[in-house]
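Here is a short briefing to read with the structure open. Start with one residue, then move to the metals and the ligand shell.

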Amino acid sequence: MSRLDQYLKGVRKAAIAGHMHPDGDCIGSTMGMYLYLRDNYPGIEADVYLEQPKPEFSYISGIDRVKTELSADVSYDILILTDISSPERIGVAGPLAEQMENIICFDHHVTNDSSYKWLFNEPQASSACEVIWKFMDEEKITKDCAEALYTGIAHDTGIFQYSNTSPETMRIAAKLMEKGIDHSKIINDSYYQKSYVENQVMGRALLESILMLNGKIIVSYVSRKTMQFYGIGPKDLDGIVAQLRNTKGVEVAIFLYETDTVTYKVSLRSKDFIDVSIVAAMFGGGGHKKAAGCTMHGTHLDVINNLVGELSRQF
Ligand code: AMP
Ligand code: MN
Ligand code: MN
């Protein structure tokens, strides 16, 4: 019996949901949960609610069944949330969370302060996929499910590089590899491969980046005008902040893109000692010690000044 079983007793319909602007871990953990239910619980009908995932994730079985909208008349026995640090970030399934009581949340954000009926938040875990893996029966994880879970672990660890990668993470990844997945293809297709335009925009963001605080902070931003010029959306900007952080001597990388008039989505990354989740939380966001985000208002210069001001206090 898996640890998950006890929460699924009597459940006939389950909704599974991840956060806004879903990343690899969000997609991997929602789909991993969906595939685990599909493959082992024939009596449960499950729906996954997400914003449309990038086509790069199309190798994940069942991803074409993702629901990007909630219809008014649906009802579920349980809502399973994964990789969600706060109720405001639920996105598509937000209204469900407001009206349901049987909610189970699997997460790994240090800033998670939600109060669901069942909350399993492990800030030490690499990913939500790692957290949910521990609730599953190893033998019942199919190759399809393994592909989804491996995707999430690989993405949230920066392909097993970041400090959230533990020996346990590697053991779980190894067990998922033993299910016969094509790990090289998963990593290439969903993580490293970029379209020509994505590379161009990344190049431009790097070219226009500036160093601040004696080279300890690097900042770059992309305006809506630039995004329109290249015909791209927020999903095409993934990876820019990670590349900024790779800069020698830098402790914190800040990347912003304009989402609306004087509104910016902010991504923060640190290398060693700065806790960027504290700064993100100050501005209404959250995340992890070394990877956090928030949304801020003002001109890009206001936003950068405010962030650098708070960060310099931590240095
Ligand atoms: P991002 O920079 O968007 O890739 O996010 C980095 C980390 O911070 C992820 O784990 C996100 O879940 C978290 N995060 C990003 N934006 C927010 C926000 N507005 N509120 C809470 N957590 C966030
Ligand atoms: Mn995520
Ligand atoms: Mn995650």
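## Briefing

V110 has a relative accessible area of 48%, so V110 counts as partly exposed. The model is predicted. V110 sits in the loop that joins β4 (103-107) to β5 (118-121). The notes below cover the two manganese ions, the shell around ligand 1 and a few single residues.

**V110 in space**

- V110 and S195 are 85 residues apart in sequence.
- Their C-alpha atoms are 33 Å apart in space.

**Manganese ion, ligand 3**

- Which residues coordinate the manganese ion (ligand 3)? They are D25 (OD), D83 (OD), H108 (NE2) and D156 (OD).
- The coordination distances at ligand 3 run from 2.1 to 2.2 Å.
- Along the chain, the donors of ligand 3 follow the spacing D-x57-D-x24-H-x47-D.
- D25 belongs to helix α2 (residues 24-40), while D83 lies in the loop between β3 (78-82) and α3 (94-99).
- D25 and D83 are 58 residues apart, and the pair links distant parts of the chain.
- D25 and D83 are both buried.

**Manganese ion, ligand 2**

- The manganese ion (ligand 2) is coordinated by H19 (NE2), D23 (OD), D23 (OD) and D83 (OD). D23 is thus listed twice, each time through OD.
- Distances at ligand 2 run from 2.1 to 2.7 Å.
- The donor residues of ligand 2 are spaced H-x3-D-x59-D in sequence.
- Is H19 buried or exposed? H19 has 5% relative accessibility, so H19 counts as buried.
- D23 has 28% relative accessibility and therefore counts as partly exposed.

**The bridge between the metals**

- D83 bridges the manganese ion (ligand 2) and the manganese ion (ligand 3).
- How far apart do the two manganese ions lie? They lie 3.6 Å apart.

**The shell around ligand 1**

- How many residues surround ligand 1? The shell holds 14 residues.
- The closest are R89, H109, K265, S267 and R269.
- By class, the shell has three nonpolar, eight polar and three charged residues.
- Three strands each supply at least two shell residues: β9 (263-270), β10 (286-287) and β11 (291-297).
- Which strand gives the most to the shell? β11 does, with four residues.
- Domain 1 (5-192) and domain 2 (197-314) each provide at least three residues of the shell.

**Polar pairs at ligand 1**

- G286 offers a polar backbone atom, 3.3 Å from a nitrogen atom of ligand 1.
- S267 places a polar side-chain atom 2.6 Å from an oxygen atom of ligand 1.
- H288 has a polar side-chain atom 3.0 Å from an oxygen atom of ligand 1.
- Taken alone, ligand 1 exposes 480 Å². The protein buries 84% of that area.

**S277 and its contact**

- S277 is part of helix α11 (residues 276-282).
- Why does S277 count as buried? The relative accessible area of S277 is 4%, and buried means under 20%.
- The side chain of S277 makes a polar contact with the side chain of D275, at 2.7 Å.

**M31 in helix α2**

- Helix α2 also contains M31.
- M31 counts as buried because its relative accessibility is 0%.
- M31 and I172 are 141 residues apart along the chain, and their C-alpha atoms are separated by 17 Å.

**Two residues with positive phi**

- I159 is not a glycine, yet I159 has a positive phi of about 60°.
- I159 lies in the loop between α5 (143-156) and α6 (167-177).
- I159 is buried, because its relative accessible area is 17%.
- N214 has a positive phi of about 55° and is not a glycine either.
- The loop between β6 (210-212) and β7 (217-222) holds N214.
- Is N214 buried or exposed? N214 has a relative accessible area of 82%, so N214 is exposed.

Methods. Residues numbered from 1 in each chain as written. Chains lettered and ligands numbered in written order. Predicted model: local features only at pLDDT ≥ 70, side-chain atom pairs only at ≥ 80, totals over all residues. Heavy atoms only, no water. Near = heavy atom within 4 Å. Polar contact = N/O pair within 3.5 Å; in protein donor to acceptor, adjacent residues only side chain to side chain. Areas by Shrake-Rupley, 256 points an atom, 1.4 Å probe, with all protein chains shown as cover. Nonpolar A, V, L, I, M, F, W, Y, C, P; charged D, E, K, R; others polar. Domains from an automatic or database assignment. Donors = N, O, S within 2.8 Å, 3.2 Å for Na, K, Ca; no water. Buried < 20%, exposed > 50% of the residue type's maximum accessible area, 1.4 Å probe, protein only.
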